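I opened the model to see how its parts fit together. My notes follow in the order I looked things up.

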Amino acid sequence: MKLTNWSYSRYGTWKKCPAILRFDQTSTKPREVHPAAERGTNVHKIVEDYLLAQGDLPDEFVYYRSFLDGLREQGAIPEQQLAIDKNWNQVEWDDPNRWWRGILDASLLLPDFAVIYDWKTGGEYADHREQREIYAAAYHACHPVKTVQVFHVYFDKKQITHGTFFDHEMKDLRGRWEGRIAPMLADDQLVANPGYYCRTCRHSRWNNGPCKF
Ligand code: SF4
């Protein structure tokens, strides 16, 4: 079984253990939602509703109120779906020829300048830089502005990290991502890569799954 397209989270799963993606294809087990993931989903929904002026902010978000007010006033788009094909052309979300797709938590398109926001409820990890890269490259493929800034907003830590990507860097960024993803899309074995995370994997034998680990 080969994968034909990817998302940033799918790439992260493949790097950790390709077999998870193989078992995902056949599993009928309902997914259990971890409390941390549930909180993340709730935070995304609260912010989306606020940006759409469809809900208020709970007290725990007071620190971000003026920031989110600014985004709302400037017309930031929440939960924007983006998909591109392997030639970096924008395609429909469900296009069978899509190569990558992702949902931008919020984006702002200005003349010659774009800003993308990704909300995090956990901590900062080194691979978030890679995430900023693919978001910038994919967004630029759909909206070829001169500069794309990508912000990670760590709600609980009250911390912001960002990357700025310029028009002339996009060719290199695209090449880098094509190189990273080629082995994943060529992988027709999706072999198990056991590790400490097996204990919490829904496919593990500990959790009555099909994997031998
Ligand atoms: S149990 Fe471990 S080796 Fe098996 S699919 Fe899950 S993470 Fe991979």
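I began at a turn. In the hairpin of strand 2 and strand 3, 2 residues lie between the strands, and Asp 112 takes a positive phi near 65°. Helices (H or I, at least four residues) and strands (E, at least two) are DSSP runs, numbered from the N terminus. The model is predicted: local features need pLDDT of at least 70, side-chain atom pairs count only at pLDDT 80 or more, and totals for chains, interfaces and linings use all residues. Residues are numbered from 1 along each chain as its sequence is written.

**Sheet**

I followed the pairing out from the hairpin. Strand 2 and strand 3 (residues 113-120) run antiparallel and are joined by 5 bridges. Two strands pair if DSSP finds at least two bridges between them. Ser 107 has Ile 116 of strand 3 as its bridge partner. Leu 108 has Val 115, also in strand 3.

I then checked the other side of strand 2. Strand 1 (residues 77-85) and strand 2 (residues 98-110) are antiparallel too, with 8 bridges. Asp 85 stands opposite Arg 98 of strand 2.

I asked in what order the strands of the sheet lie. The order is 1-2-3-4-5, in an open sheet of 5 strands with mixed pairing. Strand 1 and strand 5 (159-166) are the edges, each pairing on one side only. From one strand to the next, the twist averages 35°. Helix 3 (residues 35-51) packs on this sheet and touches strand 1, strand 2 and strand 3. The direction of helix 3 makes about 105° with that of strand 1. For contact, I used C-beta atoms, placed from the backbone, within 7 Å. Axes are lines fitted to C-alpha atoms, for helices over the stretch in contact, and angles run from 0 to 180 degrees between N-to-C directions.

**Cores**

I looked for nonpolar cores next. A core here is a set of buried Ala, Val, Leu, Ile, Met, Phe, Trp, Tyr and Cys residues joined through C-beta atoms within 7 Å. Buried means 20 or more other C-beta atoms within 10 Å of the residue's own, exposed means 12 or fewer, and partly exposed is in between; C-beta atoms are placed from the backbone.

The largest core has 33 residues, and Ile 116, Tyr 135, Ala 138 and Tyr 139 have the most contacts inside it. Several elements supply at least two residues each, including helix 1, helix 3, strand 4 (147-154) and helix 6 (170-186). Helix 5 gives the most, with 6 residues. Beyond its neighbours within four places in sequence, Tyr 139 contacts Leu 82, Ser 107, Ala 114, Ile 116 and Val 148. A second, separate core of 5 residues includes Cys 17, Ala 19, Leu 190 and Cys 201.

**Ligand**

Which residues are closest to the ligand? They are Cys 17, Cys 198, Cys 201, Ser 204 and Cys 211, out of 14 that surround the ligand (C-beta atom, placed from the backbone, within 6 Å). By class, the shell has 11 nonpolar, 3 polar and no charged residues. Ala, Val, Leu, Ile, Met, Phe, Trp, Tyr, Cys and Pro count as nonpolar, Asp, Glu, Lys and Arg as charged, and the others, Gly among them, as polar.

**Met 184**

I finished in helix 6, where Met 184 sits. Met 184 counts as partly exposed because it has 18 C-beta neighbours inside 10 Å. Not counting residues up to four places away in sequence, Met 184 touches Leu 3, Trp 6, Tyr 11 and Trp 14.

Notes:
Contact = placed C-beta atoms within 7 Å.
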